[in-house]
Amino acid sequence: MILYICQSSTTKMIFIKKANILQILLLLLVLGSCKQKNNKETLTPKKKTSDQTLLIKAAPKLTEKYIRDKKKSIEYFYNHNWSRKSPNGGFLVAQNGQVIFEKYDGYADYKSKSLITSTTALHIASVSKVMTATAILKLVSANKLNLEQKVNTILKEFPYPHVTIKTLLSHRTGMRNYAYFTENKGVWDRHKILTNQDILTILATKDISLEFKTDTRFGYCNTNYAVLALVIEKISGMTYKDAMEKIIFKPLGMKNTYVFDYEKDKKTATASYRGNFSLINMDYLDAIYGDKNIYSTPRDLLKFDDGRNSPNFLDPKLLKLAYIGYSNERRGIKNYGLGIRMVNWSSGKNFYFHNGWWHGNTAAYITLPEEKVTIIAMSNRFDRRTYKVKNLAALFGDYPFHLDDEENEE
């Protein structure tokens, strides 16, 4: 409290000193509150942004003629490949963030005959890896992680001392696939649902050796991304499901995308079918996430692609690292970056994609940053033709594909 008894010089000095003390105390309180912000608050943009601000760039609007011409070619491809049987899923092609072609066919539930629509979330299988990798890159950008950081500095029981975040992302760890080593006698009771933490515990206690020395070659392995999901949980202080919602889905407006929770969602998630529409039941591996288990829609994947390629969302330097191939020990055109597959031709042209396959679910995600094109296909009824959508890249750039080429596998 300050008492104004007179206006003497002594009183003025006392007021100034007390005012300075109050200002210092106020400043300390402000600085203290800034330090107390937890990890969750630093993982999302400070400014509220609309979906439109996260587009790749302020790309020019496509002309009606351009859209009409491209749509005609895409329709030809679609009708040629699925003329007799429905793809039973969703299909979308966009450029500059603008949808050129979009189509939904078939059943979300064959028994009730409920149809697949633009808001029907389907299992995107290994395309989930692209999202997991993007969440890791966001944590790196927030200075919560380092690409060269050893995994055992984060997950203390992790048994492989030379494995880093980068080698997990690029499939260069040498770890074995959990779907295989859990089949070995004495490793796991397959009547019990396997979790990500169970995988880590098995690696730490069951003497699961590496298939090859870390960072000596490429070996595509789902275990890498199951471990990355645990890293996300440890660093963010949230479950993988909540972290992905906070870091990826909510900022990008992906309202129909979610991480599958085995206990909560197994009865409500979109069903998975064989080609003859016989239902594929879930098994003991269906609770694992990070490598799979994200459900999404073509429209939400378009939002994801626009956001991932935007400097407003992901640090361009980190994205550039993601699009570098890290499997160059043998000459060839096929490669893998940080959560993305690629084909690198000697001409200098690059093709970026990721396919997915789990049970009867197939998915294809293609991103062409140079042309600002996104191609997405997904199905909950097993069909390898989903992967054939890669051929549509030839409509937008100098890619050595033809509309009738054979498809890629997952």
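So, Asp-215: in this predicted model it comes out partly exposed, with a relative accessible area of 44%. Its side chain meets that of Arg-172 in a salt bridge, 2.8 Å from N to O. And Arg-172 is a different story on accessibility: that residue is buried, at 7% relative accessible area.

Where do Asp-215 and Arg-172 sit along the chain? Asp-215 is in the loop between helix H6 (196-205) and H7, while Arg-172 is in the loop between helix H4 (165-169) and helix H5 (178-181). They're 43 residues apart, so to speak a link between distant parts of the chain.

Okay, another pair. Lys-241 makes a salt bridge with Asp-265, and there the closest N and O atoms are 3.7 Å apart. Lys-241 belongs to helix H8 (residues 240-249) and Asp-265 to helix H9 (residues 262-265), so this bridge ties together parts that are 24 residues apart in sequence. Lys-241 is partly exposed at 31%, whereas Asp-265 is buried at 12%. Going back to Arg-172 for a second: through salt bridges with shared partners, Arg-172, Asp-215 and Glu-329 are joined into one network.

There are 11 salt bridges in the structure, and I'll show you one more. Lys-65 and Asp-69 have their side chains in a salt bridge at 2.8 Å, N to O. Both are in helix H2 (residues 64-81), four residues apart, which puts about one helical turn between them. Why does that spacing suit a pair? An α-helix has 3.6 residues a turn, so residues three or four places apart point the same way. Lys-65 is exposed, with 52% relative accessible area, and Asp-69 is partly exposed, with 39%.

Right, on to the inside. Which residues touch the most other members of the largest nonpolar core? Phe-158, Ile-165 and Ile-248, out of 84 residues in that core. Helix H7 (residues 222-236) gives the largest share, nine residues. There's another core apart from that one, with 27 residues, including Phe-101 and Phe-351. If you click on Phe-158 and skip its neighbours within four places in sequence, you'll find contacts with Val-151, Asn-152, Val-163, Met-175, Leu-200, Leu-203 and Val-227.

Staying with H7, have a look at Glu-233, which lies in that helix. Is Glu-233 buried or exposed? Buried, at 18% relative accessible area; the cut-off is under 20%. Leaving out residues up to four places away in sequence, Glu-233 touches Met-238, Thr-239, Tyr-240 and Tyr-289. From Glu-233 to Ala-243 is 7.2 Å, C-alpha to C-alpha, with their positions 10 residues apart in sequence.

Now a sheet. Three strands make an open, antiparallel sheet, ordered S5-S7-S6. The edge strands are S5 (122-123) and S6 (258-259); each has a single partner strand, so one side of each has no neighbour in the sheet. S5 pairs with strand S7 (residues 294-296) over two bridges, and His-123 has Tyr-295 in S7 as its bridge partner.

Helix H10 (residues 298-308) is mostly covered, with nine of its 11 residues buried. Among them are charged-type residues you might want to click on: Asp-300, Asp-305, Asp-306 and Arg-308.

Last, the whole chain. It has 11 helices and 12 strands, and 52% of its 410 residues count as buried. The accessible surface is about 20,700 Å², with 53% of that belonging to carbon and sulfur atoms. For contacts with a separation of 6 or more, 66% come from residues 24 or more positions apart.

Notes. Residues numbered from 1 in each chain as written. Predicted model: local features only at pLDDT ≥ 70, side-chain atom pairs only at ≥ 80, totals over all residues. Heavy atoms only, no water. Core = buried A, V, L, I, M, F, W, Y, C linked by side-chain atoms within 4.5 Å. Buried < 20%, exposed > 50% of the residue type's maximum accessible area, 1.4 Å probe, protein only. Contact = heavy atoms within 4.5 Å. Pairing = 2+ DSSP bridges. Areas by Shrake-Rupley, 256 points an atom, 1.4 Å probe, with all protein chains shown as cover. Salt bridge = Lys/Arg side-chain N within 4 Å of Asp/Glu carboxyl O.
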